[in-house]
Amino acid sequence: MQSELNRALGDTLYRAAVVPVLTLETVEDGVEIARALARGGLDLIEVTLRTPAALEAIRQIRLQVPQVRVGAGTVLDPEQAQQAMAAGARFIVSPGMTPRLIEAAQVWPVPFLPGAVTASEAMALSDLGYACLKFFPAEAAGGAAALKAFSAPLAGITFCPTGGVDLDNARDYLALPNVVAVGGSWVVPRKLVVDQQWPAITALAEQAAGLRRRH
Ligand code: 3PG
């Protein structure tokens, strides 16, 4: 069950190409940002569970901006995943993987994107049925060069790199055959959120949406 969901998420990520990663101070910011991103053409977003506002923000984005597919990131254990799914998260992302998460994810109704940065981690997850993985922290773990090196021996495993990705290096990742999408916070700079510059976020989203492959 989870392997099919994970594969389908890989297809969704491929179509999206860019996944804004949001760490939110308030629920209201989350709703405004989701609207701004959708206006700019980005409709797949990850809200990290790193702030107290995260779960309610997921709930309100799902209710108020239904055209956006919102998932939960920084999910470290099955309890957090349950809370995120109860809030309406449509996919679950973790920076890594644990046996408890893998066990629990078997019965989740939504896709799981676990993280890997080494060949052994990627092989272990692939063995468990996960064909699409998060590659985090991407730049610190070798960046596009590392993923390029994985593409021949680990053919069949695809990645969504996040961590240090920005407009400048996103193209290098997206040019690789084993990269389905890139994720990151660069599309939503903190200063623009503090200043409530929603049209500026829409402009950044349009720029990021322009990274989408043409094929
Ligand atoms: C994540 O959780 O995916 C990362 O924190 C995003 O990393 P970035 O802030 O470097 O884009």
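**Exercise 1. Describe the largest pocket: its volume, its lining and the elements that contribute to the lining.**

Step 1. The space in the largest pocket amounts to about 250 Å³. A pocket is, on a 1 Å grid over the protein atoms alone, an open set of points where a 1.4 Å probe fits, with protein on both sides within 12 Å along at least five of seven lines. Grid points are joined across faces, edges and corners, and a volume is the space filled by probe spheres set on the points. The model is predicted: local features need pLDDT of at least 70 and side-chain atom pairs pLDDT 80 or more, while totals for chains, interfaces and linings use all residues. Residues are numbered from 1 along each chain as its sequence is written, and side-chain values use heavy atoms, without hydrogens and water.

Step 2. Lining residues have an atom within 4 Å of a point. There are 14 of them in the largest pocket, and Thr23, Leu24, Val188, Arg190 and Val193 lie nearest its centre. Two or more residues come from each of strand 1 (18-22), helix 2 (27-39) and helix 9 (190-194). Helices (H or I, at least four residues) and strands (E, at least two) are DSSP runs, numbered from the N terminus. Helix 9 contributes the most, three residues.

Step 3. The lining comprises eight nonpolar, three polar and three charged residues. Here Ala, Val, Leu, Ile, Met, Phe, Trp, Tyr, Cys and Pro count as nonpolar, Asp, Glu, Lys and Arg as charged, and the others, Gly among them, as polar.

**Exercise 2. Locate the ligand and identify its polar contacts.**

Step 1. The ligand sits in the second largest pocket, a term that requires more than half of its atoms to lie within 2 Å of the grid points. This pocket holds about 170 Å³ of space. Of its 15 lining residues, Val21, Arg50, Gly163, Gly184 and Ser185 are the closest to its centre.

Step 2. Residues around the ligand (a heavy atom within 4 Å) include Val21, Arg50, Phe136 and Gly164. The shell divides into two nonpolar, five polar and two charged residues.

Step 3. A polar contact is a pair of N or O atoms within 3.5 Å. An oxygen atom of the ligand is 2.8 Å from a polar side-chain atom of Lys134. For the side chain of Thr162, an N or O atom is 2.7 Å from a ligand oxygen; for that of Ser185, the distance is 2.6 Å. The protein covers 80% of the 320 Å² of accessible area that the ligand has on its own, by the Shrake-Rupley method with a 1.4 Å probe.

**Exercise 3. Determine how many cavities of 30 Å³ or more there are, and what lines the largest.**

Step 1. A cavity is a set of points where the probe fits but cannot get out. The count is one cavity of 30 Å³ or more, and the largest has a volume of about 60 Å³.

Step 2. Among its lining residues are Leu13, Glu46, Phe91 and Cys160. The lining divides into six nonpolar, two polar and two charged residues.

**Exercise 4. Find the backbone exceptions at Pro137 and Ala17.**

Step 1. Most residues other than glycine have a negative phi, and most peptide bonds are trans.

Step 2. Phe136 and Pro137 are joined by a cis peptide bond, with omega about -5 degrees. Pro137 belongs to the loop between strand 6 (132-135) and helix 7 (143-151).

Step 3. Ala17, although not a glycine, has a positive phi of about 70 degrees. Ala17 lies in the loop between helix 1 (2-16) and strand 1.

Note on methods. Polar contact = N/O pair within 3.5 Å; in protein donor to acceptor, adjacent residues only side chain to side chain.
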